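The following exercises concern salt bridges and nonpolar cores. Each task is followed by a solution in steps.

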Amino acid sequence: MVNTCLVVDEMHPSLEPMLQAIGVSINYCPNLTAAEVPAALAAFPYEGLMVRSKLRVTADLLAHGPHLRYVARAGAGVDNIDEAAMAAAGVTLLNAPEGNRDAVGEYAVGLLLALFRNIARADHEVRQGQWQREANRGEEIGGKTVGLLGYGHMGRAFARRLSAFGCTVLAHDIDPSCTADDYATLVSLPELQARAEVLSLHIPYSPANHHFVDERLLAGFAAPIWLLNTARGEVLNQAALVRALQAGKVRGAALDVLENERLGTLTPEQQQPFNFLASSANVVLSPHIGGWTHQSYARINEVLVRKIAAFRQVRQGATAGS
């Protein structure tokens, strides 16, 4: 039996032939608005739903798709998906952190180099006709102690690349199943704060992690730090970061993600810290592109299709055995 997956976001064109090869047909509707998805689900007995970030998967949405068996999230983050509602509805969540972890790991290295070597600032100055070598004397990664907050797919990819620079990598993760490897040493949060010169964020967003990195946590570092965030904007309190930059507790920051990435909708409370960050020479900003490469675009499909195939095989085996 051929089952159908509704795809409501832009995906690499390799998706359809890959799904067809495992017996899944596709209804590719990337132009559907979030408001139109419930009716689309109700109109056909879809087995699967594939999303990126345009849509929040809630209990109400799932009620419109009584035949759904899985939701495939094309990417790593699942903060737009109500996992409790999924479990209650008997719908399995599949995501693809393996698909863009290498892209994020490489990009984090790029952000660290941009901070240490004043790359963005120097580029801007030269374009303005300024040639300032001494003012842009930088730091080397070698010999530094880099602290990773979160040691899942993204943190490990970053640590692996840092190993080539001859630095010390410490990682802190609250998941008891998290294990150390050849690229990082697992430590407590107080030890990470005592030793790290760089803090790189690799934790997912959840209500429990909202503003996890706040004024108190930043103040707990023994030495001034550089800060990188390639995770989710909401795990970092941007106003607290501004105060830490002003106080010298943070030497510089590189942010690929922001608390509110729809810049045209910033509230007055959000606008003030954003204006400071955007005008600071020791801050690098980018539009959530850490995992956004041509290679990861295709690789996410490969990961999701493998997981969908494995999921369907398990379901078919369970059905046959019942």
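**Exercise 1.** Determine how E215 is exposed and which partner its side chain meets.

*Solution.* Step 1: E215 has a relative accessible area of 41% and is therefore partly exposed (buried means under 20% relative accessible area, exposed over 50%, partly exposed in between, with a 1.4 Å probe and protein chains only). The model is predicted: local features need pLDDT of at least 70, side-chain atom pairs count only at pLDDT 80 or more, and totals for chains, interfaces and linings use all residues. Residues are numbered from 1 along each chain as its sequence is written, and side-chain values use heavy atoms, with hydrogens and water left out.

Step 2: The side chain of E215 forms a salt bridge with that of R243 at 3.0 Å, N to O (a side-chain nitrogen of Lys or Arg within 4 Å of a carboxyl oxygen of Asp or Glu).

Step 3: E215 belongs to helix 9 (residues 215-219) and R243 to helix 10 (residues 238-247), so the pair ties together parts 28 residues apart in sequence. Helices (H or I, at least four residues) and strands (E, at least two) are DSSP runs, numbered from the N terminus.

Step 4: R243, at 37% relative accessibility, is also partly exposed.

**Exercise 2.** Find how many salt bridges the whole structure holds, and examine the pair R121 and E125.

*Solution.* Step 1: The search of the whole structure yields 12 salt bridges.

Step 2: R121 and E125 are joined by one of 4.0 Å, N to O.

Step 3: Both residues lie in helix 6 (residues 119-127), 4 residues apart, and are thus separated by about one helical turn.

Step 4: R121 is partly exposed at 25% relative accessible area, whereas E125 is buried at 12%.

**Exercise 3.** Identify the residues with the most contacts inside the largest nonpolar core, and the element supplying its largest share.

*Solution.* Step 1: A nonpolar core is a set of buried Ala, Val, Leu, Ile, Met, Phe, Trp, Tyr and Cys residues joined through side-chain atoms within 4.5 Å. The largest has 29 residues, and L199, V213, L227, L241, V250 and L255 have the most contacts inside it.

Step 2: Elements that each supply at least two residues include strand 9 (198-201), strand 10 (225-229) and strand 11 (250-255). The largest share, 4 residues, comes from helix 10.

Step 3: Leaving aside neighbours within four places in sequence, V213 is in contact (heavy atoms within 4.5 Å) with residues including L149, L201, L227 and N237.

Step 4: A second, separate core of 24 residues includes A108, A114, L115 and L162.
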